[in-house]
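This briefing is written for a reader at the bench who wants the main structural features in one place. Please keep the sequence and the model open while reading.

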Amino acid sequence: MFKKNKLSALLIASISTLAFAGCGSDGVDKKTETEKARVEQTLVEKQKLSSSSASMSTQKHYKTAADLPHYLDRDVQEEVFYFVMPDRFNNGNTDNDLGSKTQPISAGGFDKSHKGMFHGGDIQGLKDKLPYLKELGISAIWLTPILRNQAMQADSSGYHGYWVLDFTEIDPHLGSNDDLKDLISSAHAENIKIYFDIITNHTADVIKYVECHGEDGLQWLVKSDKGCPFKSSEQLANGEKYTPIIPKGHEQLKTPAWLNDPKYYHNQGDSFWQGESSKRGDFAGLDDIDTNNPEVLAGMIDIFKNLITEFKPDGFRIDTVKHVNTEFWAEFSPALVNHAQGLGIKNFFMFGEVYSFTSKELSEYTTTGNMQSVLDFGFQSAMVQSLIEQKGTKVLSSLFTNDIDYLDHDSNANQLMNFTGNHDMGRFTFMLKQSAFNYTEDQMIKRTLLAHAMTYFMRGVPIIYYGDEQGFVGDGGDQASRQDMMPSLVDSYNDDDLLGTDATTADDNFDTQHPLYQRFSQYADIFYQYPALRRGEQKTVFQSDENAIFAVTRTLTKEHENTAIPSSEMLIIFNTSDAPAKASISLQEKPYKLVIGQSKLIKSGENIYSIEVPALGFAIYEKLNIN
C-alpha cells in the first residue's frame, strides 16, 4: 500500500529547490529562476511525493551502478555504500527463520516481537531488493557479519552476526553458502559490489573460567555485576591466572578446529574497555583471541583468504580494530589484499572500525597498521557538533586540517568512510530527536538532508545506514537502532514517528517515493557525474566562527589509471543555520555554473564572490574553463 508522505508545504518547497539548476557565466542565477517558476516546481514536486500513481519510470533518471565502470575496475572512491543488517531487512525465505535444522547451537532465537531476537531477514531477501538499492544509487553493499553464530547467549540472540562459531559457513538463519554466492553473483550482474563484515578479535562465548563459572563451566560464582574481573599481565606474572574450562559437549563447536584450543585466547577475564583490558579482555564474555600469537595471525590470514577464494567478495569491513594489536593488522591487511588481487579482484578494499574520534588514533591503523581505510568517526562527530549541537563550523575546519595524518604510500583522507550514524551509536535522526534544541520534524529532515549532503560531497566515501532513506529514527543505539525494513512486530520500533511519511515500521518500508530516498538518489547521481566530488583534493575556502557558512573546493588535476581525467574544480557551500546566510569568499576569477542547490553567487570584487544560501541548504558549483 502506498504510504502518504507528510512533508509540509514549506518543507516540500525547501527540498524542491535542490533541483538541478544553471547560472550564467558571471555566476549570477538565470532570470528564468523566478518566484513563479519555483512555486510551479514546488507544486510538481508535491504532486510527485503524494500521488499514489507516481512511479520511478516517470521521474528523471538518476545515474545508478549500471552507469558506472565495471565493478572490478572501480576504486573504492567511486562507490556509494549501503550498510545493512540482513536479519532486519527483508525475509525472502521463511524456511530458514529458525536457523539450523541439524546444529542446535545455531538454531532458535526467532521472535519478531523482541528487538534482541532474530526477525527472519536473510540473504534471499536482500537479493530480492537489489532493484530497490540500485535505484537508490547504491554501488556497494556492506553486510553485518553473516558467518554461523551461536544462536543464543544469555537473553539475546546472534541476529547481528558478531558471535561467530564457524568461519567457513553462512549462518543458517540467513541462508546457505550457495545463497550467498547467488547474492554476490546477482549483485555483480547489477554492477554492485558486496562487502563482508569480519571479526578477528573474538569468537562466541564458549570458553569459561573455573574461578568464575565453576568446575563444569556452567555456574556463575562471581558476586558482582562486573563480569569476570580482568587480570592484568602483571597479575599473570605473579601467578594470578584464570583456569579455562569448556563445558562438556562444547569442546568442538568452533571451525576451524584450532579455534577450540584455549591456548589461542588471552583468557584474562572481561574487558573494562580501558588500558590493557581493551586489547586483551573478553567483550562481555566473548572469547578474546590471542592475536599476539604468530600461529593465530597465520590462522586468521588463512581463514579469510579461504573466504575470499570461495565467495569473491569485493572487500571487508573489519570489526573492533582498536581492540587488536596494531602489529597484527600490519601483517594481516596486506596479506589479504594481495591474495584477492591475485584472484583478479584488483580493487579489493578493507576498512576498519576504530571507535575513536581523533585523527591521531584513527590514522594509526591506516599508516602503521597498513590498513587501507577506517570508518571516520571524527567526521560523524563533526556532523553532530555542527548540525545537532550547533557548535559552529570550526569543528569542520579542524577535522579537515588533520587530514594530513592519513597520508601515506597507499591511503589518504579521500578513502575515509563517511557516515552519520550506525547500529552501535544510533541514528543521526535519533540524535536530532534527543537534542535540547527540540527540533521540529521539518528541521530534523532538513538537518538530516544536510548531514547526508556533507557525507556525499565532502572528502571521503559516503555510507547510508539502512532505513535512513525511509526516515527511521529509533530510541537509542544498539538494539534500539536496528529496526526492521519489512513489517515489524516490535512495539518500541512501531511507536516511532518516522520522518517524511505517515508509515511506521509496522509497514513495509521500501518506498521509492519517500522524499529522503528520492533525495539520496539525487545525491548519488551528482556524486557519480563529477569526478572531483569523488577524488578531488579538498580545501576549505570559507569558515568563520561568526558565520554559519562553510565552503570547500574539491579540485582534481591528476590522472587516474593512466587515463587523463579533465581537470575540474567544484565549489561546495553549506549553511548550517536555520536562517539564510551570506558570506564573501575569495575565489579565482572563473565563471561558475550551479549544479545543484538554490543560492546566489555574485562577483563582488577582484577574486571576491558573495554567496547567499537558504537556511540549512547547500549548493554545488562547477568552475568552468579551469585549464
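The points below cover a sheet, a pocket, a disulfide, a pair of strands and some backbone details.

The model is predicted, and every value given here is computed from it. It contains an open sheet of 5 strands, a largest pocket with about 1100 Å³ of space, and 1 disulfide.

**The open sheet**

- The 5 strands of this open sheet follow the order β17-β18-β21-β26-β23, and their pairing is antiparallel.
- At the edges of the sheet lie β17, residues 537-543, and β23, residues 592-597, each of which pairs on one side only.
- From one strand to the next, the twist averages 20°.
- Within the sheet, β18 (residues 549-556) and β21 (residues 568-575) are antiparallel partners, paired over 8 bridges.
- R554 has M570 as its bridge partner in β21.

**The largest pocket**

- The space in the largest pocket comes to about 1100 Å³.
- Its lining is made up of 44 residues, and those closest to the pocket centre are W163, W273, F283, A284 and L286.
- By class, the lining residues divide into 19 nonpolar, 15 polar and 10 charged.
- Strands β4 (152-153) and β9 (208-209) each contribute at least two residues to this lining.

**The disulfide**

- The cysteines of the 1 disulfide in the structure are C212 and C228, with an S to S distance of 1.7 Å.
- The two cysteines are 16 residues apart and link distant parts of the chain: C212 sits in helix α6 (residues 210-213), while C228 sits in the loop between α6 and α7 (233-237).
- The disulfide is right-handed because the torsion about the S-S bond of C212 and C228 is about 70°.
- Are the two cysteines buried or exposed? C212 is buried, with a relative accessible area of 1%, and C228 is buried as well, at 2%. Both values fall under the 20% cut-off for a buried residue.

**Strands β12 and β13**

- Strand β12 (residues 315-318) runs parallel to β13, and 4 bridges join the two.
- One of the bridge pairs is R317 with F351, the latter lying in β13.
- Along β13 (residues 349-352), F349 and F351 point one way, M350 and G352 point the other way, and all of these residues are buried.
- F316 belongs to β12 and is buried, with a relative accessible area of 0%.
- The C-alpha atoms of F316 and F351 are 6.6 Å apart in space, while the two residues are 35 residues apart in sequence.

**Helix α9 and a contact across the sequence**

- N306 lies in helix α9, which spans residues 294-311.
- N306 is exposed, since its relative accessible area of 52% is over the 50% cut-off.
- Between N306 and L336 the C-alpha to C-alpha distance is 9.9 Å, with 30 residues of separation in sequence.

**Backbone details in loops**

- Which peptide bond is cis, with omega near 5°? It is the bond from T255 to P256.
- P256 is part of the loop between β10 (244-245) and α8 (277-280).
- T320 is not a glycine, yet its phi is positive, at about 45°.
- T320 is located in the loop between β12 and α10 (326-342), where it is buried with a relative accessible area of 8%.
- N438 also has a positive phi without being a glycine, in this case about 50°.
- N438 is located in the loop between α14 (428-434) and α15 (441-457).
- N438 is exposed, with a relative accessible area of 61%, whereas T320 is buried.

Key: Residues are numbered from 1 along each chain as its sequence is written. This is a predicted model: local features need pLDDT of at least 70, side-chain atom pairs count only at pLDDT 80 or more; totals for chains, interfaces and linings use all residues. Side-chain values use heavy atoms; hydrogens and water are left out. Two strands pair if DSSP finds at least two bridges between them. Axes are lines fitted to C-alpha atoms, for helices over the stretch in contact, and angles run from 0 to 180 degrees between N-to-C directions. On a 1 Å grid over the protein atoms alone, a cavity is a set of points where a 1.4 Å probe fits but cannot get out, and a pocket is an open set with protein on both sides within 12 Å along at least five of seven lines; lining residues have an atom within 4 Å of a point. Grid points are joined across faces, edges and corners, and a volume is the space filled by probe spheres set on the points. Ala, Val, Leu, Ile, Met, Phe, Trp, Tyr, Cys and Pro count as nonpolar, Asp, Glu, Lys and Arg as charged, and the others, Gly among them, as polar. A disulfide is a pair of cysteine sulfur atoms within 2.5 Å. Buried means under 20% relative accessible area, exposed over 50%, partly exposed in between (1.4 Å probe, protein chains only).
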